[in-house]
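Me: Please take a close look at one helix in this model and at what surrounds it. I would like a connected account, with the cut-offs behind each term.

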Amino acid sequence: TKLNIILIQNLFISNMRIALTIATLIVFCGASAQQDVSQFAGKFEHKEPQQQNMVRRRRLELETKCVDNTASYGGVCASTDPSPLCTPFRSPDFCPLEKSFPLLIKNRSLAVIANSQSLLDDGRFFQELENKIKGYIFSARVANVRAPKIYFCTSDIPNGLSLFDDSEFATGFVIRATDKHSSDGIYVLPNGFNGPELLTGITSMSRVDVMAALSDLDTREIIIEEFIEGQGTGELPTEYKVHVFNGEIGSINVVYNRGSTCACWAEVDTAWNRLDKYGCFTPSGSEVEEGQCYAIDYATGARKNYPMKGLDLCGPINKPDDCLINDIVAVAKDVSKTIGAYVRIDMFVSKENEVVVQEYSTNHMGGSRHCSARVNEVTGCVDSCFLGEMWQSTVGGTNALFGGPPTDVPAEIRFASELNETGLCEYAMNSNQIPKYVTTCSPSSSPSQSPSETVSAAPSAAASAAPSIKASDAPSVATSATPSIKASDAPSIKASDAPSIKAS
């Protein structure tokens, strides 16, 4: 028995020594591991907030959210400037509902449909500008900005096109369906009928060809307008689509090389910094925060990379001359203040460096997505909610719903809203342009040779300066209480139908 007790004591002592050794090792290794973790964390956690944000921003600079797609162009675009580079992610984001730009657009469009008859009485007319003819009337008669002049319009589709006398338009024209969007129902004929059509690349399109295409579209009305030539002979101009909130510009969507295999787009601010580096965003419909940031699901976005309206992101782009940017900014701000509510103002720049307002869109992408984000300088977060925040900066009563305050509805727009299609067409064709803006940019001006912030493709697995434009010496046409055409001069005046809100 005594022997057994001694053996048990020795065994206990031996096990204790083993246990103490193991415990010592565990404590030592754990402390070392904890020390390593602490030292690693200290490289970030112990920095001042400003330093943390710098680290985050530097990391984000290497995380462009698009998939390299240059191989699909087969080297055709290698010499094009700029050239398409990559296909953007389409990532769900988790902005608060009141800051989700697409959802704000969608909610407003629903409100327009439900309250179309009362909006004019409430001092809101942005919805009327979706009609391309009314948009032209607004540009020419109210905003006094340069716009493609309307030569002809008809609601007799397709036979009405046979009545158009094209003999005096040797410099070309554009045929446009008024109730379509994007490039649907648009035929750009720089040399007139039987010449090339620039959007499709068809080498010869006749009047009969256009009539047949229009028949297939089931459109209600077409206009024929002036062709605005780009920098090259017979080329389409660069497009600038400006998102503006009662005089404040949020972003500019620029489309280059339209009508060619190498067309591409970029999203920039007024300093031409890229806002498209993090791809496009679809609203999740819920708010989720990750620390100081609103969450963005890039993993899903990587699997769902799609072109934006058929276009890939451009690679490096050159910044235009400041003079030209100032013109674009000044026109957009001035027109926007007249409208009040958020609107996207689509512009061309002609061969003479003249800013030309093409049309107005109130329903960007149908409220389904957008492609602008910037890094917040305070938090270091990628902020895909900033356009929604700009919308909300107009908050107050119904301003939050419509993205801007009510304004005085121009008499010309009230009058146009009462015209039928024939009367509206005649009113537009009788709208003489006396633009109050005259560019100071030389036609020979070329883009700045210093590129703006660039976009780099990811692996396939994964405030402007003061405007330089000025009022021209020609007398401007002021908005008066009475439009320059009388009701008795226009045929068949009646109340218009509810405005159509189209995705564009």
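Reply: The account below begins with the helix itself and then moves outward to charged side chains and to the backbone.

This is a predicted model, in which local features need pLDDT of at least 70 and side-chain atom pairs count only at pLDDT 80 or more, whereas totals for chains, interfaces and linings use all residues. Residues are numbered from 1 along each chain as its sequence is written, and side-chain values use heavy atoms, with hydrogens and water left out.

The part chosen is helix 4 (132-143), where helices (H or I, at least four residues) and strands (E, at least two) are DSSP runs numbered from the N terminus. Helix 4 is mostly covered, since 12 of its 12 residues are buried, buried meaning under 20% relative accessible area, exposed over 50% and partly exposed in between, with a 1.4 Å probe and protein chains only. Charged residues belong to this buried set too, including Lys 132, Lys 134 and Arg 141.

At the N-terminal end, Asn 131 caps helix 4, placing a side-chain oxygen 2.9 Å from the backbone nitrogen of Ile 133; a polar contact is a pair of N or O atoms within 3.5 Å, and within protein one must be able to donate a hydrogen and the other to accept it, while residues adjacent in sequence count only if both atoms are side-chain atoms. After the helix comes Asn 144, whose phi is positive, near 55°.

Helix 4 packs against helix 7 (residues 322-339) at an angle of about 100°, with the axes 12 Å apart; axes are lines fitted to C-alpha atoms, for helices over the stretch in contact, and angles run from 0 to 180 degrees between N-to-C directions. The two helices are therefore roughly perpendicular to each other, a label for angles of 65 to 115 degrees, as against under 35 for roughly parallel, over 145 for roughly antiparallel and oblique for the rest. Where they meet, Phe 138, Val 142 and Ala 143 come from helix 4, and Val 335, Thr 338 and Ile 339 from helix 7, contact meaning heavy atoms within 4.5 Å.

What does Lys 134 meet in a salt bridge? Its partner is Glu 128, with N to O at 2.7 Å, and both residues are buried. A salt bridge is a side-chain nitrogen of Lys or Arg within 4 Å of a carboxyl oxygen of Asp or Glu, and the structure holds 18 of them. Another involves Arg 146 and Glu 354, at 3.3 Å from N to O. Arg 146 lies in the loop between helix 4 and strand 4 (150-154) and Glu 354 in the loop between strand 15 (343-349) and strand 16 (355-361), so this pair ties together parts that are 208 residues apart in sequence. Arg 146 counts as buried at 17% relative accessibility, whereas Glu 354, at 26%, is partly exposed.

Elsewhere, Lys 241 forms a salt bridge with Glu 239, the closest N and O atoms being 3.3 Å apart. Lys 241 is buried at 11% relative accessible area, as is Glu 239 at 8%. Through shared partners, salt bridges join Glu 239, Lys 241, Arg 258, Arg 344 and Asp 346 into one network.

Glu 197 offers a contrasting setting: it is buried yet has no salt bridge, and the nearest side chain of opposite charge, Arg 258, is 10 Å away. In that count Lys and Arg are positive and Asp and Glu negative, while His and the chain ends are not counted. Glu 197 lies in the loop between strand 6 (186-189) and helix 5 (207-217), and its side chain reaches the backbone nitrogen of Val 188 at 2.7 Å. Leaving aside residues up to four places away in sequence, Glu 197 touches Ile 186, Tyr 187, Val 188, Leu 189, Ile 202 and Met 205.

The backbone also has some local features to check. The peptide bond from Ile 157 to Pro 158 is cis, with omega near 0°, and Pro 158 is in the loop between strand 4 and strand 5 (173-177). A cis peptide bond also joins Asp 81 and Pro 82, with omega about -5°. Trp 272, although not a glycine, has a positive phi near 70° and counts as buried at 1% relative accessibility. Asp 218 likewise has a positive phi, of about 55°, but is exposed at 66%.
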